[in-house]
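Please open the model in your viewer and keep the selection panel at hand. The tour goes from one selection to the next and says at each stop what is there.

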Amino acid sequence: MAENHPFTIGVEPDLLRDGRFRWTLYENGQVRNRSAISYATEHEALADATKALEKQIADWRPARWQ
């Protein structure tokens, strides 16, 4: 059975570097984490955001089951 988690990701243009992108990880609509670097493409930013999301979910699950 899959359990819902409170995390979402967003990918937005980098406001400081034209043509580049950054990701943000949200928990219940609040900023939890942001990318430290910008990415050349939206796809690259999304791929890295997905990795960060998977790690955050893995860290969140054990805390929920204790």
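Begin with E27, which at 23% relative accessibility counts as partly exposed, where buried means under 20% relative accessible area, exposed over 50% and partly exposed in between, with a 1.4 Å probe and protein chains only. Before going further, note that this is a predicted model, in which local features need pLDDT of at least 70 and side-chain atom pairs count only at pLDDT 80 or more, while totals for chains, interfaces and linings use all residues. Residues are numbered from 1 along each chain as its sequence is written, and side-chain values use heavy atoms, with hydrogens and water left out.

Keep E27 selected and add R32: their side chains meet in a salt bridge at 2.9 Å, N to O, the term standing for a side-chain nitrogen of Lys or Arg within 4 Å of a carboxyl oxygen of Asp or Glu. R32, at 44% relative accessibility, is partly exposed. How many salt bridges does a search of the whole structure find? The search finds three, and the next two selections show the others.

Select R22 and D14, whose side chains meet in a salt bridge at 3.0 Å, N to O. The two partners fall into separate classes of accessibility: R22 is partly exposed, with a relative accessible area of 27%, whereas D14 is buried, with a relative accessible area of 8%.

Move on to K55 and D59, where the salt bridge between the side chains is 2.9 Å, N to O. These residues are separated by about one helical turn, because they are four residues apart in helix α1; helices here are DSSP runs of H or I with at least four residues, strands are runs of E with at least two, and both are numbered from the N terminus. K55 counts as exposed at 53% relative accessibility, while D59 counts as partly exposed at 44%.

Return to R22 and add S35, which lies in the loop between β3 (30-34) and α1 (42-65). Is S35 buried or exposed? At 7% relative accessibility, S35 counts as buried. Leaving aside neighbours within four places in sequence, S35 is in contact (heavy atoms within 4.5 Å) with R22 and W23. Within its own stretch of sequence, the side chain of S35 reaches the backbone oxygen of I37 at 3.1 Å.

Now select P6, in the segment before β1 (7-13), which is buried with a relative accessible area of 19%. Beyond its neighbours within four places in sequence, P6 is in contact with Y26, E27, N28 and W60, so the E27 of the opening stop comes back into view here. P6 and W60 are 54 residues apart in sequence, and their C-alpha atoms are 9.4 Å apart in space.

Finally, keep W60 and look for aromatic pairs, counted when ring centres of Phe, Tyr or Trp (its six-membered ring) lie within 6.5 Å, with planes under 30 degrees apart called stacked, over 60 edge-to-face and the rest tilted. By this rule the count comes to one aromatic pair. F7 and W60 form that pair, which is edge-to-face, with 6.1 Å from centre to centre and 85° between the planes. The pair links distant parts of the chain, since F7 is in strand β1 and W60 in helix α1, 53 residues apart. F7 counts as buried at 4% relative accessibility, and W60 counts as buried at 12%.

Definitions and conventions: A polar contact is a pair of N or O atoms within 3.5 Å; within protein, one must be able to donate a hydrogen and the other to accept it, and residues adjacent in sequence count only if both atoms are side-chain atoms.
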